[in-house]
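Trainee: I would like to learn how to read the features of a protein model, one after another. Could we take them slowly, with the general idea before each case?

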Amino acid sequence: MTTTAPAVGPRDLALAHYAARGVLERVLARHGITFRQQVALRAAVTADAPLTPDDLVAQVQDSLKADPADIRATLDELLARHLLVAEGGQLRPTEAGSELMAAVGEETAPVSARIWGGIPAADLTAAGRVLALVTERANAELAALT
């Protein structure tokens with residue numbers, strides 16, 4: 001007897017997203033940082049060079065689809081906490097900001113390994129194709145709405 005896995009739908013994708021995000025948010029809370037702050041700080045930490053505030057807002061907006069004013073407020077929070085610093089019209093992570101992202105990465109790495117471990121490569125490849133297509137279509141729908 002062959003069993004087939006149920007088809008994945010929007011609810012399944014949302015549940016997986018929120019379960020994984022819930023894990024990350026618990027780790028972030030222990031470090032005193034919000035999810036949005038982490039997304040913005042990670043973008044700054046992983047950038048090849050310091051970014052202008054507008055470029056950083058655009059990167060975070062592309063990831064989170066959040067209001068630019070809210071993202072600017074998040075950048076202000078990171079500046080006030082000395083996790084980002086403004087120099088010559090650009091933002092760059094401070095040593096404390098980089099260390100915070102490294103600590104979060106170290107703490108989440110074993111959790112991610114347990115979550116993703118053992119999933120066959122072919123399944124991950126198929127999931128990657130589907131998620132890329134869903135993202136592309138959702139971005140097109142969002143663009144049409146704005």
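Mentor: Let us begin with a term: a pocket is an open set of grid points where a 1.4 Å probe fits, with protein on both sides within 12 Å along at least five of seven lines, and its lining residues have an atom within 4 Å of a point. Please keep in mind throughout that this is a predicted model.

Trainee: Which residues lie nearest the centre of the largest pocket, and how many residues line it?

Mentor: The general idea is that rolling a probe the size of a water molecule over the atoms shows where empty space is left. In this model the largest pocket holds about 1600 Å³ of space, and its lining is made of 42 residues, with Leu13, Ala16, His17, Tyr18 and Leu131 lying nearest the centre.

Trainee: Which elements give two or more residues to that lining, and what kinds of residue does the lining contain?

Mentor: Two or more lining residues come from each of α1, α2, α3, α5 and α6, the last of these running over 121-145, and the largest share, 12 residues, is given by α1. Sorted by kind, the lining has 26 nonpolar residues, 10 polar ones and six charged ones.

Trainee: How should I read a nonpolar core, and which residues have the most contacts inside the largest one here?

Mentor: In soluble globular proteins, nonpolar side chains tend to be buried together. The largest nonpolar core of this model has 24 residues, and those with the most contacts inside it are Leu41, Leu56, Leu75, Leu78, Leu84, Leu100 and Val104. At least two residues of this core are supplied by each of α1 (10-30), α2 (35-46), α3 (53-64), α4 (68-80) and α5 (95-116), while the largest share, six residues, belongs to α2.

Trainee: If I pick out Val104, with which residues is it in contact beyond its neighbours within four places in sequence?

Mentor: Once those neighbours are left aside, Val104 is in contact with Leu24, Val27, Leu28, His31 and Arg42. You can read Thr108 in a similar way: Thr108 is found in helix α5 and, not counting residues up to four places away in sequence, touches Leu24 and Val27.

Trainee: Is Thr108 buried or exposed?

Mentor: Thr108 has a relative accessibility of 16%, and because buried means under 20%, Thr108 counts as buried.

Trainee: How many salt bridges are there in the whole structure, and how do I describe one of them?

Mentor: Side chains of opposite charge can pair when their charged atoms come close. A search of the whole structure finds six salt bridges, and one of them joins the side chains of Arg30 and Glu107, at 2.4 Å from N to O. Arg30 is in helix α1 and Glu107 in helix α5, so this pair links distant parts of the chain, 77 residues apart. As for accessibility, Arg30 is exposed, with a relative accessible area of 59%, whereas Glu107 is partly exposed, at 26%.

Trainee: Which residue forms a salt bridge with Asp54?

Mentor: That partner is Arg72, and the closest N and O atoms of the two are 2.5 Å apart. Because Arg72 lies in helix α4 and Asp54 in helix α3, the pair ties together parts that are 18 residues apart in sequence. Arg72 is partly exposed, with a relative accessible area of 35%. A further salt bridge brings together the side chains of Glu87 and Arg92, at 3.0 Å from N to O; Glu87 is partly exposed at 42% relative accessibility, and Arg92 is partly exposed with a relative accessible area of 31%.

Trainee: What should I look for in the backbone angle phi, and where does Lys65 lie?

Mentor: Look at the sign of the angle and at the kind of residue: phi of Lys65 is near 60 degrees, a positive value in a residue other than glycine. Lys65 lies in the loop between α3 and α4 and is partly exposed, with a relative accessible area of 39%. Phi of His82 is likewise positive, near 60 degrees, and His82 lies in the loop between α4 and β1 (84-87), where it counts as exposed at 57% relative accessibility.

Methods
Residues numbered from 1 in each chain as written. Predicted model: local features only at pLDDT ≥ 70, side-chain atom pairs only at ≥ 80, totals over all residues. Heavy atoms only, no water. Core = buried A, V, L, I, M, F, W, Y, C linked by side-chain atoms within 4.5 Å. Buried < 20%, exposed > 50% of the residue type's maximum accessible area, 1.4 Å probe, protein only. Helix = DSSP H or I, 4+ residues; strand = E, 2+ residues; numbered from the N terminus. Contact = heavy atoms within 4.5 Å. 1 Å grid on protein atoms, 1.4 Å probe; cavity = no way out; pocket = protein on both sides within 12 Å on 5 of 7 lines; lining within 4 Å. Points joined across faces, edges and corners; volume = space filled by probe spheres on them. Nonpolar A, V, L, I, M, F, W, Y, C, P; charged D, E, K, R; others polar. Salt bridge = Lys/Arg side-chain N within 4 Å of Asp/Glu carboxyl O.
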